[in-house]
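Biologist: Please put the model on the screen. I will ask about it one piece at a time, and you can reason each answer through.

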Amino acid sequence: MWMFYKLRLLSWSSPALHFFFLAAVTFGIVAPLACHHLLHSYFYARHRHLDQMSEEFLEQSLKEGEAALHYFEELQARNLSLPRGGPAPPRRPWLVITIVTVSRQPEFHYVLQVASGFHRLLQQCGPPCRSYQLFLCDVDGHSRHPDAALLANFIPATSRFASGPGLNASRAVFRNSFEKEKQDYAYCLEKSLQNYHPEYVLMVEDDAIPEEQIFSVLRHLLETSMGLVEVVGRHYLLELRRLAPALYNVVPTTQCCTPAMLFPASSAQRTVNYLAEISCRNGFAKDMALYSFLQDKNEKAYVVEPNLVRHIGLFSSLRLNYKPRLL
């Protein structure tokens, strides 16, 4: 009897058993209670929070869209223009920031949010950003994009369909929204090269707001070398890297999403040539085409972690979605 009790006592005090109970309490009770409301956590309670968080996100985006509209209306009333890298446009910009835009859900003013974000950051950046150039590329096929028309008063702009869609694209292209998106992207990239001959082109979609450190991080990366995670979520650990440019990381890219892509000029021209050779369709959209370029041409691409832009668009320009959600 005494020996059985001693053996049971030893078993309950073993490190392995302690670890088992600690893990059970942590991952079975503490973590779900602490992280159920974190969108990017493994323990996110989607059924409890997703609809409400999506509604709150949309409401906040509406407010930010209105604020961006007022921002440019005030600039227009004061007869001011956006700084184009300094007092005068640079002869050959180091970086052209090309915002690709199409009209959708006009009440959110997505492109105004993006443009105002870059404008504010360029003002804060000052002399180090004198060689940066903002460029707006309107690819709306129906020439009904009031936000783009407003921005054209401040930012150098081009419009793919300014003379009407018939002169620039066939009806077949408009029936294939995936092919049109690819052609739009190639057009904007090529125009950036032709108009400015920059060293780099940053292609930004009109629902990708720049983060505060985007310019300092880009300069740093281009001019020098390019158990908690599972509980809280990798997203939140990466947020700690925003403390300084040196903490950002560069890793090989994956085949998903193109909210903002940075091209050296030579690579940009090769990309334009490649996109002209292929066709996009459902299941092989523009982002897949860009990544297939890497494989076919043995090119390399990298992604910066954490992201330098924040995606705000819940409404796709390719697919109708009347009840968008964050996930």
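Biologist: How many contacts beyond four places in sequence does the model have for residues 83-87?

Modeller: This is a predicted model, and each residue carries a pLDDT, the predictor's confidence on a scale from 0 to 100. Over residues 83-87 that score stays under 50. The count of contacts beyond four places in sequence for this stretch is 15.

Biologist: What is the average pLDDT of the protein, and how many contacts does the stretch 1-7 have beyond near neighbours in sequence?

Modeller: Of the residues, 72% score at least 70, and the protein averages a pLDDT of 78. Residues 1-7 have a pLDDT below 50. Beyond near neighbours in sequence, the number of contacts of this stretch is 0.

Biologist: Which element gives the most residues to the largest nonpolar core?

Modeller: In soluble globular proteins, nonpolar side chains tend to be buried together. The largest nonpolar core here has 41 residues, and those with the most contacts inside it are Phe 118, Ile 214 and Phe 215. Elements giving two or more residues to this core include helix 3 (46-77), strand 1 (95-101) and helix 8 (214-223). The most, 8 residues, come from helix 4.

Biologist: Which residues does Ile 214 touch, leaving out those up to four places away in sequence?

Modeller: Ile 214 is among the residues with the most contacts inside the largest core. With residues up to four places away in sequence not counted, Ile 214 touches Phe 118, Leu 121, Leu 202, Leu 308 and Val 309.

Biologist: How many residues are in the other core?

Modeller: Tyr 185, Cys 188, Phe 263 and Leu 290 are among the members of another core, which lies apart from the largest one. Its number of residues is 27.

Biologist: Are helix 11 and helix 12 roughly parallel or roughly perpendicular?

Modeller: Helix 11 (residues 265-277) and helix 12 (residues 286-296) pack with their axes 10 Å apart, at an angle of about 105 degrees. Angles of 65 to 115 degrees count as roughly perpendicular. The two helices, helix 11 and helix 12, are therefore roughly perpendicular.

Biologist: How many residues in the contact of helix 11 with helix 12 are nonpolar?

Modeller: From helix 11 come Arg 270, Thr 271, Tyr 274 and Leu 275, which meet residues of helix 12 including Leu 290 and Phe 293. The residues of this contact include 2 polar and 2 charged ones, and the nonpolar ones number 5.

Biologist: Is Gln 105 buried or partly exposed?

Modeller: Gln 105 sits in the loop between strand 1 and helix 4, and its phi is near 40 degrees, a positive value in a residue other than glycine. Buried would need under 20% relative accessible area. Gln 105 has 28%, so this residue is partly exposed.

Notes: Residues are numbered from 1 along each chain as its sequence is written. This is a predicted model: local features need pLDDT of at least 70, side-chain atom pairs count only at pLDDT 80 or more; totals for chains, interfaces and linings use all residues. Side-chain values use heavy atoms; hydrogens and water are left out. A nonpolar core is a set of buried Ala, Val, Leu, Ile, Met, Phe, Trp, Tyr and Cys residues joined through side-chain atoms within 4.5 Å. Buried means under 20% relative accessible area, exposed over 50%, partly exposed in between (1.4 Å probe, protein chains only). Helices (H or I, at least four residues) and strands (E, at least two) are DSSP runs, numbered from the N terminus. Contact means heavy atoms within 4.5 Å. Axes are lines fitted to C-alpha atoms, for helices over the stretch in contact, and angles run from 0 to 180 degrees between N-to-C directions. Angles under 35 degrees count as roughly parallel, over 145 as roughly antiparallel, 65 to 115 as roughly perpendicular and the rest as oblique. Ala, Val, Leu, Ile, Met, Phe, Trp, Tyr, Cys and Pro count as nonpolar, Asp, Glu, Lys and Arg as charged, and the others, Gly among them, as polar.
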